[in-house]
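Reader: I should like to learn how strand pairing and burial are read from a model. Where would you begin?

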Amino acid sequence: MKQADSLRIELPAWVRNFRQQLPECLSGPEERMSVAISLSRQNVVERTGGPFGAVVVAQDSGQVIALGVNRVEPAHCSSAHAEIVALSLAQQTLASWNLDDGGLGPVELVTSCEPCAMCLGAIPWSGVRSVLCGASKADAEAAGFDEGDRPEAWADKLAARGISVTTGVLRSEAAEVLDRYARSGQTIYSP
């Protein structure tokens, strides 16, 4: 077996066209969440990954910095969650591992579902100052996903680090995508 010596996670081709159709700035929480949910939905329809989408924006202006969709199966990479993909692409775009130092002011992560244990761990080190979530952990688990062990007061723990969290933004629309995926027969990946 030849050992891999690099890692490349690419967004599906349809994301480029999706991005071109977006306005440069997304004004408020519902507009931002609508984009994250649309990404998750399109990922299911196109069969290009799991039912999760994320957007990284400049918090004040709403300038879109990066988009992400779940790429776990296509990339053969358990860490290729939509949030990790979007945060990583934002860091590459701003040429900084700390998005707070990217020159755009505070940065916000918008995710179609509350973060799993892994994504929750990545948030504080990314430099985002706020997180908007759509579907809940319970919604993801009802669809069959294993979200891992996450502290009960996870939002309070992020708040203690200066990261605000808003949950339940367009929750029913986001949860519907998870349910549709579960009914589609596509892979529910968990250990």
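Reader: Which residue in β4 stands opposite glutamate 108?

Author: In this predicted model, the residue opposite glutamate 108 is serine 130 of β4. Such residue pairs belong to a wider pattern: β3 (residues 107-113) and β4 pair over five bridges, in the parallel sense.

Reader: What kind of unit do β3, α5 and β4 make?

Author: The handedness of a crossover is judged by the path from one strand over the helix to the next, viewed with the strands pointing away; a clockwise path is right-handed. Here β3, helix α5 (residues 117-126) and β4 form a right-handed β-α-β unit.

Reader: Which residue of β5 is the bridge partner of valine 131?

Author: Valine 131 has valine 165 in β5 as its bridge partner. Strand β5 (residues 164-166) runs parallel to β4, and three bridges join the two.

Reader: Why is β4 described as largely enclosed by the rest of the structure?

Author: A residue counts as buried under 20% relative accessible area. In β4 (residues 130-135), six of the six residues are buried, so the strand is largely enclosed by the rest of the structure.

Reader: How should one read burial along a helix, and which residues of α1 are buried?

Author: One asks where the buried residues lie around the axis. In α1 (residues 13-21) they are Trp14, Val15 and Phe18. Their arc around the axis covers only 100 degrees, which puts them on the same side of α1. This buried set packs against α2 (29-46) and β2 (64-69). On the face turned away from the buried side, α1 carries Ala13, Arg16 and Gln20, which are exposed.

Definitions and conventions. Residues numbered from 1 in each chain as written. Predicted model: local features only at pLDDT ≥ 70, side-chain atom pairs only at ≥ 80, totals over all residues. Heavy atoms only, no water. Buried < 20%, exposed > 50% of the residue type's maximum accessible area, 1.4 Å probe, protein only. Helix = DSSP H or I, 4+ residues; strand = E, 2+ residues; numbered from the N terminus. Arc of directions from axis to C-beta. Contact = heavy atoms within 4.5 Å. Pairing = 2+ DSSP bridges.
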